[in-house]
Amino acid sequence: MTISQFPIPASGIPTGTTAERPASPVTGDVFYNGTLGILEIWDGDSWAPCNAPASQPTITATDIGTNIAYGSAQATIAFTEGTLGGKAVGFTVSASTGGYSATSTSATFTITVGNNGSYTFSGTAYNAYGTSPTSPTSTATLTTVPQAPTIGAASATTAGVATVNWTLNSDGGKNLTAITITPYIGASPQTPVTAATTTATSATISGLTGGTTYTFKVKTTNANGTSLESAGVDVTIPVSFTVDYLVVAGGGGVQSGPRARGGGGAGGLRSTVTATGGGGSLESALTLETVLTYTVTVGAGGNTGQGSNSVFSNITSTGGGYGGGGEEPNNTAGGNGGSGGGGSGENNGGQGRAGGNGTANQGYAGGAGVGSTNANNGRAGGGGGGAGNAGGTATGGGANSTGGAGGNGVAVSLPNSVTYAGGGGGQGQTTGTGGNGRGTNTGGGGHNGAAGDSGVVILRYPDTRTIAVANNHTATTNTSGNNKITTFNAGTGTVSWS
């Protein structure tokens with residue numbers, strides 16, 4: 001049978017089975033394929049349907065991964081046309097979840113879905129006569145670059161050093177290979193730092209400039225690429241400076257009793273200027289940092305008990321020990337403290353009580369009381385210890401008795417020489433003299449039954465720094481040479497410098 005090119009022969013379009021197709025067709029020859037039930041035309045290479053929808057394709061989905069942004073995973077979809085149908089002019093692919101789809105006239109193209117993960121795809125082909133049946137599915141695990149970390153807090157507690165915290169988010173489907181922290185000054189990036197491990201959630205960055213505000217941002221990297229940077233967190237790097245101090249605790253009070261009470265011990269005294277208490281070595285100035293906060297507490301004097309501690313940063317001065325109560329049944333030993341309280345005296349042949357102990361490098365012990373041989377004469381209390389020397393021992397005998405003298409305080413030049421932390425004198429027929437350094441806000445011990453004096457905190461620092469006093473402090477600041485001096489007379493709270 002001979003088949004001619006168009007126009008179609010007068011005898012009509014040849015018909016037959018697939019096996020009966022003409023053996024040597026020329027382009028344009030038409031044949032009705034009874035096996036397939038379609039009209040075919042020889043296109044020069046093969047018999048193609050003339051009026052059939054596109055044949056059912058097969059597809060292959062492949063992860064792209066590299067440099068694909070988190071949240072927009074992509075796959076390459078490759079279509080292969082089937083043989084039982086018309087030639088396709090376009091292709092559509094759909095994901096089984098998320099409602100994602102894409103269409104192209106190319107047999108290989110890209111579909112964008114959501115986050116990384118496993119996706120199942122199917123596709124169809126189409127031409128002018130209709131759409132093919134849906135292809136078999138193809139599954140691919142899609143990956144991206146990591147999700148940007150979530151920035152946390154940043155802090156700086158040492159000059160030139162900051163600590164930055166963050167929370168890791170999705171790794172994009174591949175293990176992280178690096179976490180990078182970049183400091184910015186304004187919009188200018190500085191030298192980045194790589195975290196110690198790929199699971200780290202904090203890093204310490206050193207070599208920063210004091211007084212400068214840095215913005216820190218974090219990003220992560222996997223085999224596909226690098227995430228977007230996190231939001232920024234700001235921190236101002238502290239500047240180191242030195243502070244001299246005088247920290248005097250509240251003086252001890254005196255316990256109750258009718259007579260022969262011991263003197264209160266002075267509050268402990270710690271100083272970096274001139275001299276410190278208890279005969280100790282002069283202390284070293286503190287190195288502090290701007291921006292950070294430090295505690296300041298001024299200890300109150302004791303009423304009938306120990307005085308309260310005074311505090312500056314990590315420096316604590318111990319409150320003065322109380323003076324012992326006089327005469328039985330109130331007679332007691334002096335209390336321990338920054339400086340020890342004086343012991344009480346006792347009548348009717350009783351023994352005087354011992355003085356309390358002082359604290360090393362803060363103050364001295366209190367003096368002992370003395371007893372009497374009868375109910376009325378000779379008993380006396382010991383003097384309270386001072387920051388400069390021990391309280392005196394009481395003396396008695398017959399109708400005469402003298403309370404022990406309070407121990408002297410220590411003179412500190414901050415800025416002018418003032419004596420602080422003298423002990424209170426003990427009671428007797430004659431009251432012992434109080435030690436030098438008793439008075440308002442000097443930390444002196446209770447004298448002649450009175451309460452102890454409140455303490456004081458004095459700080460000296462460079463005049464290039466400005467102090468901020470918080471809470472309920474009573475404080476004054478003055479300038480002396482190239483320094484500022486702030487005196488705290490009452491209260492507790494925090495201070496900071498800029």
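Strand β34 (residues 474–480) and β35 pair in the antiparallel sense, joined by seven bridges; strands pair here if DSSP finds at least two bridges between them. Helices (H or I, at least four residues) and strands (E, at least two) are DSSP runs, numbered from the N terminus. This is a predicted model, so to speak of local features pLDDT must be at least 70, side-chain atom pairs count only at pLDDT 80 or more, and totals for chains, interfaces and linings use all residues. Residues are numbered from 1 along each chain as its sequence is written, and side-chain values use heavy atoms, with hydrogens and water left out.

**Around β35**

Back to that first pair: β34 and β35 make a hairpin with two residues between them, and Gly-481 in the turn has a positive phi of about 65 degrees. Ser-480 has Asn-483 in β35 as its bridge partner. Strand β35 (residues 483–490) is also joined to strand β32 (residues 456–462) by six bridges, and these two run antiparallel. Here Asn-483 turns up again, standing opposite Pro-462.

**A five-stranded sheet**

There's also an open sheet of five strands, in the order β27-β26-β25-β36-β33, with antiparallel pairing. Its edge strands, β27 (315–317) and β33 (467–469), each pair on one side only. On average, neighbouring strands of this sheet are turned by 25 degrees against each other, direction ignored; the axes are lines fitted to C-alpha atoms, and angles run from 0 to 180 degrees between N-to-C directions. Within the sheet, β25 (residues 293–297) and β26 (residues 310–312) pair in the antiparallel sense over two bridges, with Val-296 partnered by Phe-312 in β26.

**The whole chain**

What does the secondary structure come to? Zero helices and 36 strands. The radius of gyration is 47 Å, well over the 23 Å that the globule rule gives for 498 residues, so the chain is more spread out than a compact globule. (That radius is taken over C-alpha atoms, and the rule is 2.2 Å times the number of residues to the power 0.38.) Along its principal axes, the C-alpha trace spans about 160 × 50 × 30 Å.

Of the 498 residues, 46% count as buried, where buried means under 20% relative accessible area, exposed over 50%, and partly exposed in between (1.4 Å probe, protein chains only). As for contacts (heavy atoms within 4.5 Å), residues 24 or more positions apart account for 57% of those with a separation of 6 or more.

**Two loop asparagines**

Here are two asparagines set side by side.

| Residue | Loop | Relative accessibility | C-alpha separation |
|---|---|---|---|
| Asn-361 | between β27 and β28 (395–397) | 39%, partly exposed | 76 Å to Thr-97 |
| Asn-408 | between β29 (400–402) and β30 (410–413) | 31%, partly exposed | 5.1 Å to Gly-388 |

Leaving aside neighbours within four places in sequence, Asn-361 is in contact with residues including Leu-269, Arg-270 and Thr-276. On the same basis, the contacts of Asn-408 include Gly-388, Ala-421 and Asn-436.

**How far to trust it**

The mean pLDDT of the chain is 92, and 96% of its residues reach 70 or more; pLDDT is the predictor's confidence in each residue, from 0 to 100. Over residues 1–6 pLDDT stays under 50, and the model has 13 contacts beyond four places in sequence for them. Where pLDDT is low, the predicted coordinates should not be read in detail.
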